Amino acid sequence: MSSAADQMIETIEDPAIEHVFIEFADVNGISRSKQLTADTFLEKWDDGFAMNLVMLAQTPNNHVPEGSGLGAETGHGDGVVHPIPETTTRLPWRKNAVRVLCRFFHEGERLSCSPRAVLESVLATNDFEFDFYVGSELEFYLLEEGPENEYVPATGGDHECVSWATEEVAPFYDRLVEWAGDYGIDLTALHHEHGPGQLEVLFDYGRPLEQADTTLDFKRLVKQVGRSFDQWPTFMAKPFADRSGSGYHLHVSAFDDDENVFEDGTDSTLSANGRHFVGGLMEHADALTALGTPSVNGFKRFEPSSFVPYTASWGYDNRMTAVRIPSGDVRMETRIPSADANPYLVIAGIIAAGLDGLRRELEPPSPSDGDPTGDRPELPHSPELALRALETDDALVDLLGEDFVQMFTASKRCELRAVRDHVTDWERDQYVKTV
């Protein structure tokens, strides 16, 4: 038995621990779990626990998609989840409980389409042996329920980095910091974003798989802290039509020992490796839009001539491009994903695209100064176009896995059908009296 397993057992054998959550991320990046008694977990953890396979592919509202490869094709059968001992963590909001992340298996084989497995598989193809590091920046809205059950921002007006507005959410942030320490998340900064009630809380960067786990934890933590104040934090990409959308900016760096392989060694411009990595991101930008914009709502975030990328473009310290090279230590900031995206899939897709660029030595177009709208190809601005771009991107399908692309596109098309079948108040207002 490994030392991590020994430590997991010792933690759960603590008389104070009564419950164990066996947890995993579904295709949407939503935490799903079963709650077990501590005794049951300790008795059976080595054999794993049955879990319905199709839960991985369900929509956020739990609709079951057709054609995912995990539903009727398996008789709606079970897989087995095996705990990852080193992810054992006490839940700060449940002093008598811990959680353990799990890997999915089916018929004795690792389930290759599960989000964590997709990222692990991409990282295993890194034949350059570079050490990749990533940092997640997620925006979210802190909302409260109004007198008519509507959602109201916790702060009023647009207050980017305004001190008093930031102070208004001090109780939320204080508890977030307290629980984050217990949860193993190293928070570094908070600032109020542009929209009312819109915040960005930063945490430390790390290796790709660990950062994906931490990002999943962070999103769950934010939700739990908000609920403790009867507030509703949301990573929904565009909760208000007339307010800023919420993005997920991922910073990527790569090192060979202590050498930054993206830097040319003389100044803050890109090396050949850096250009090729960006070339891969430009080559696969349309497919990355599907992974980074997983909801219909997320496509409402895209606006020309704004801080949200509208084109497949890149530039030095240019927030209007899809890929920004910030000043300082040379790294990539990818700006396509929305805050509701699955961190495992965002990180997997970006590293896969960059690796393809490195292998093929793809050269990107020239960097954009200022607004690239009209000067660079537009990103797909509908889910139908983005999903089609992912399905037809042979290199990315090969790196991410055909089974995964099948599951992902089936799940997202299930959601699209639900949207198309829903008749809105706007449609009635437009058409009942006039046609």
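**Helix pair α8 and α9**

I began with how helices α8 and α9 run relative to each other in this predicted model, and I noted them as roughly antiparallel. The angle I read for the packing of helix α8 (residues 285–292) against helix α9 (residues 343–360) is about 170°, with the axes 9 Å apart. Since angles over 145 degrees count as roughly antiparallel, the value of about 170° puts the pair in that class.

I then looked up which residues make the contact, and I found L288, L291 and G292 on the α8 side, meeting L345, V346, G349, I350 and A353 on the α9 side. Sorted by class, this contact of α8 with α9 has six nonpolar residues, two polar residues and no charged residues.

**Salt bridges**

My next entry concerns the charged side chains, for which I noted 24 salt bridges in the structure. One of them joins R32 to D26, where the closest N and O atoms are 2.8 Å apart, and I recorded both R32 and D26 as buried. Another is the pair E333 and R335, whose side chains meet at 3.2 Å, N to O; here too I noted E333 as buried, and R335 as buried with it.

I also followed the salt bridge between R103 and E120, in which the side chains meet at 3.4 Å, N to O. R103 lies in strand β6 (residues 94–106) and E120 in helix α3 (residues 115–124), so this pair ties together parts that are 17 residues apart in sequence. Are R103 and E120 buried or exposed? I found R103 partly exposed, with a relative accessible area of 25%, whereas E120 is buried, with a relative accessible area of 19%. The cut-off for buried is under 20%, so I kept the value of 19% for E120 in the notes.

When I traced the partners further, I found R103 and E120 in a network of salt bridges that also links R110, R116 and D213.

**Cysteines**

Last, I checked for disulfides, and I recorded zero in the structure. C102 is in no disulfide, and the cysteine sulfur nearest to that of C102 belongs to C113, 16 Å away. I noted C102 as buried, with a relative accessible area of 6%. C113 is likewise in no disulfide, its nearest cysteine sulfur being that of C414, 16 Å away, and I entered C113 as buried, with a relative accessible area of 4%. A disulfide needs the two sulfur atoms within 2.5 Å, so the 16 Å from C102 to C113 does not meet the cut-off.

Key. Residues are numbered from 1 along each chain as its sequence is written. This is a predicted model: local features need pLDDT of at least 70, side-chain atom pairs count only at pLDDT 80 or more; totals for chains, interfaces and linings use all residues. Side-chain values use heavy atoms; hydrogens and water are left out. A salt bridge is a side-chain nitrogen of Lys or Arg within 4 Å of a carboxyl oxygen of Asp or Glu. Buried means under 20% relative accessible area, exposed over 50%, partly exposed in between (1.4 Å probe, protein chains only). Helices (H or I, at least four residues) and strands (E, at least two) are DSSP runs, numbered from the N terminus. Axes are lines fitted to C-alpha atoms, for helices over the stretch in contact, and angles run from 0 to 180 degrees between N-to-C directions. Angles under 35 degrees count as roughly parallel, over 145 as roughly antiparallel, 65 to 115 as roughly perpendicular and the rest as oblique. Contact means heavy atoms within 4.5 Å. Ala, Val, Leu, Ile, Met, Phe, Trp, Tyr, Cys and Pro count as nonpolar, Asp, Glu, Lys and Arg as charged, and the others, Gly among them, as polar.
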